[in-house]
Every structure is written in C-alpha cells, then in structure tokens.
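Reader: I am new to this structure and would like to know what lies behind the terms used for it. Please take them one at a time.

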Amino acid sequence: MTKRFNPGLAQTSRRNVLRGTVLAGAAAMTGGLASSANGAGRRTSVPPLRGAAPQFLQAEAQAQAEAAPVDLSGYTRVKQELVAPPFAPQHEQVASGGPKIVEIELITEERLMVVDEDTGAEIWALTYNGSVPGPLIIVHEGDYVELTLRNPTDSQMEHNIDFHASTGALGGGGLTHVFPGEETVLRWKATKPGCFTYHCAPGGAMIPYHVTHGMNGAIMVLPRDGLKDGDGNPLRYDSIAYIGEQDYYLPMDENGDYRTYELAGDDYADSMDAMRTLVPTHSVFNGAVGALTGDNALRAKVGETVLMIHNQANRDSRPHLIGGHGNYVWETGSFTDAPLTGIESWFVRGGSAMAAMYTFEQPGVYAYVNHNLIEAVLLGATAHFVVDGAWDNALMEQVVAPHSFET
Ligand SMILES: [Cu+2]
C-alpha cells in the first residue's frame, strides 16, 4: 500500500521542506504547501489566507533560535492523564502551590467512526486521542502546558495543533507539524484564563478539512483561585459536562446515500464539494448522533452544580438547557470578565469554547440543545441530562392532567 499523506509535500524531502519551523508555519498560514490527501492526485490550489510572507516566519523562527532560554527551575512538573469526553481530567479548582509544568500527550488517530447508525453515515474521523472532540485539558493561569504530539506511523496524513489559548507561532501550529512516525514537544504558557478551542491546522484547505473531520477540542485555563461571580465570590462546580459540537459535511451519492471510503483522506475531493455548500449534513454533540442521549445521557442530581463546557471550532451555536438555565455564563469563554447571569440561551462563537454553570433544582430529563432546533432535532445537536432527586411542587406542578374538555 502506498502512503498517501499530503503528496504535495511528499514529492520533496520532508526535512528540506519542513526543517525547523520556517515553512511549516508558512504552510499553516498561507496554505502554500497544502494539497489534497486524495490518492488520485487531485490537488487543490489554495490562495494565501492572509498573505503571510514566509520571510516573516523565517524571522520568527530565527528569533526563537536566538532567544534566551527560559528558567523553569521554579516550576514543578505534573502529568495530566487526559480522558475521553464528556468527562474532565482530574484537577484542582483552586490551584495549590505555585505554577506548574503540566505534561500532556495527544496522539493523532485517524479512525472510521459511525456518525448516525440509522442512516449508515460514517466518517474517517481525524482525532486527538481517538475522540471527537479531543480530550478536555485543564490547567491554571500561569502554568505551562507541555504537549507531546505524536503521529503514528500508520497514519495517512500530517497533523499539528493550534491552541487558541497560547501566544505566538500560529498558536503553536507553526511548531507542531508531525508527519506519520513523528512526534514533537511544544511548551507554552497559559497566560489567559478562560475556555479556548484547539484544533488541527495543517495548511490551506486541509485546515477546514481536518477541523470538520473532528480534529478539535477545548482547554480550560482556570484562574489560580478558581472561578468567581461578578462580585468576586467563589463559584464551584460538582462536575463538568464537556460537550463538543461538530458540524460534518458528509458526501452523498446520486441516490442520497452516504458514501463510504476505504481510507482516511479518500473522501477529500468529495468533502471539498460538500464543505463548499456551508450546509452541514450533521451537527452533533461528541462525535455522533445520540452520543449523549439514552444510555449515554449525562447524569446529575438535584442540588448538583454542573459546569457545561461547549466547544465549537468551526461554526456558531446557541445552546439552551430545556427546563433549566445558565446561572453563570462565560459566553466569550474569558474568565477575566464577569459571567452573565440567568441566561436562557447563550451564544458560542464559531472557533471558541465557553462555559455555563447551572445548579439543578428539579429531577427529570433535561435536553441540552443547539436552539436552532432544526440542527438539534434533524441534524443531531441534542444531549440529555438525567437528573435524580425529589420533585419540588413549589417550582412546578401539574395542576390538572390533560383530559378531554366538555363541549
Ligand atoms: Cu490533522
């Protein structure tokens, strides 16, 4: 079997092209080096996104090489074991001790995933650690994130990562291009408290292709002394529900059936056509229709406070918790700003992650939906919270059950 990763790059020496960070950064920014992964050799020529000059990035790489080394002697090292969504890694809400270097590991995994069992829709998802979205990372302001990014040898494509929470080098995207069989280590300081998206951005049309194939996730950078309301009072949560909303653009055949493909990347040309419509075939939570409903529903108890972290790397959304509210909503994702309070539906800017906090007051099933209800019901963007506890008639009571009225 012939390797088919990024043939445009494979034609030249990988080391010549991507030595250091210079052209890797340029590729991510301009798309100048990006090309189709399709084995048939269809190439998509992509104009520069912003016309960034390679010389600029060359200068940046040179500056980094000449910069003084950082003294990290005051930092302790900890490993964060990442877990699959909708769960959160073990963490402190209020940081103990000084800033840390938090070591994490992400492995790029290209895997065939079912999107909707009812229709047979499937996708060769491009993932971090095998899940859509990628795992939630949690650190505190002032910590360093030290990421090892590994691309297995049996991958079809190159990958990288752009952390919106970081500063410089295209969010790290310019420093993290890894081809199959390569790994890299990136360290960056979390200087902005908030929830932020991260995503793959290998260059040109590959950027939306990878992002709409699931290659995105969220990091939460907590203030060292934890979350607060607008008056500075501490806010604490009992659990986190990490929800990644994913728009998919799955190619269909002339009969309206979803196409299937043998390998990751084989759908590239068809996907380009589907993506250009800007109309997703699916908008789902955590990778697939029903990933957070039924047996997979989120669980909570009356009196429990849940922090809902919502990530959407590509498209706007407007979540609503049916039967509940957003008691505290960090709508922009920034924890520097006071949270909004008592919100019915909140806005998720495409290309960001944000947080909403709610304390459940009644038992039962709550639907957490994208309140474009077409997307919630027809495209898949629905999750369920199943909440245990005692009903409170003071909040709601069925005074008269539905019955035929007399005419
Ligand atoms: Cu990727």
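Author: One term is needed at the start: contact means heavy atoms within 4.5 Å. The model discussed here is predicted.

Reader: Which residues does Asn-151 touch in that sense, leaving out residues up to four places away in sequence?

Author: Asn-151 touches Thr-108, Met-157, Glu-158, His-159, Val-178, Phe-179, Pro-180, Gly-181 and Glu-182. Asn-151 itself belongs to strand β5, residues 144–151.

Reader: What makes the link between the side chains of Asn-151 and Ser-155 a polar contact?

Author: A polar contact needs a pair of N or O atoms within 3.5 Å, one able to donate a hydrogen and the other to accept it. The side chains of Asn-151 and Ser-155 make such a contact at 2.6 Å.

Reader: Why is Asn-151 called buried?

Author: Buried means under 20% relative accessible area. Asn-151 has 1% relative accessibility, so Asn-151 counts as buried.

Reader: His-159 was among the residues that Asn-151 touches. What does His-159 coordinate, and with which partners?

Author: His-159 (ND1) coordinates the copper ion, together with Cys-200 (SG), His-210 (ND1) and Met-215 (SD), at 2.1 to 2.5 Å. To count as donors, N, O and S atoms must be within 2.8 Å of the metal, and the distances of 2.1 to 2.5 Å meet that cut-off. Along the chain the donors follow the spacing H-x40-C-x9-H-x4-M. His-159 is in the loop between β5 and β6 while His-210 is in helix α5 (residues 206–211), so this pair ties together parts that are 51 residues apart in sequence.

Reader: Why is the arrangement around the copper ion called tetrahedral?

Author: Four donors count as tetrahedral if all angles lie between 85 and 135 degrees. The 4 donor atoms around the copper ion subtend angles of 89 to 132°, and therefore the arrangement is tetrahedral.

Reader: Are the two histidines, His-159 and His-210, buried or exposed?

Author: His-159 has 0% relative accessibility and counts as buried. His-210 is also buried, with a relative accessible area of 1%.

Reader: What is noted about the phi of Ala-169 and of Leu-278?

Author: Most residues other than glycine have a negative phi. Ala-169 is not a glycine, yet its phi is positive, about 50°. Leu-278, not a glycine either, has a positive phi of about 60°.

Reader: Where do Ala-169 and Leu-278 lie, and are Ala-169 and Leu-278 buried or exposed?

Author: Ala-169 is in the loop between β6 (162–163) and β7 (182–189). Its relative accessible area of 13% makes Ala-169 buried, as the limit is under 20%. Leu-278 is in the loop between α6 (268–276) and β13 (282–285). Exposed means over 50%, so Leu-278, at 66%, counts as exposed.

Reader: Which peptide bonds ending at Pro-86 and Pro-133 are cis?

Author: The bond from Pro-85 to Pro-86 is cis, with omega near 10°, and Pro-86 sits in the loop between β1 (76–79) and β2 (100–116). The bond from Val-132 to Pro-133 is cis too, with omega near 0°; Pro-133 sits in the loop between β3 (121–128) and β4 (137–140).

Reader: How do you know that β4 and β9 pair?

Author: Two strands pair if there are at least two bridges between them. β4 and β9 (residues 216–222) have 4 bridges, in the parallel sense, and Ile-137 stands opposite Ile-219 in β9.

Notes:
Residues are numbered from 1 along each chain as its sequence is written. This is a predicted model: local features need pLDDT of at least 70, side-chain atom pairs count only at pLDDT 80 or more; totals for chains, interfaces and linings use all residues. Side-chain values use heavy atoms; hydrogens and water are left out. Helices (H or I, at least four residues) and strands (E, at least two) are DSSP runs, numbered from the N terminus. Buried means under 20% relative accessible area, exposed over 50%, partly exposed in between (1.4 Å probe, protein chains only). Donors are N, O and S atoms within 2.8 Å of the metal (3.2 Å for Na, K and Ca); water is not among the atoms, so sites may look incomplete. Four donors count as tetrahedral if all angles lie between 85 and 135 degrees; four count as square planar and six as octahedral if opposite donors are over 155 degrees apart and all others between 65 and 115; anything else is irregular.
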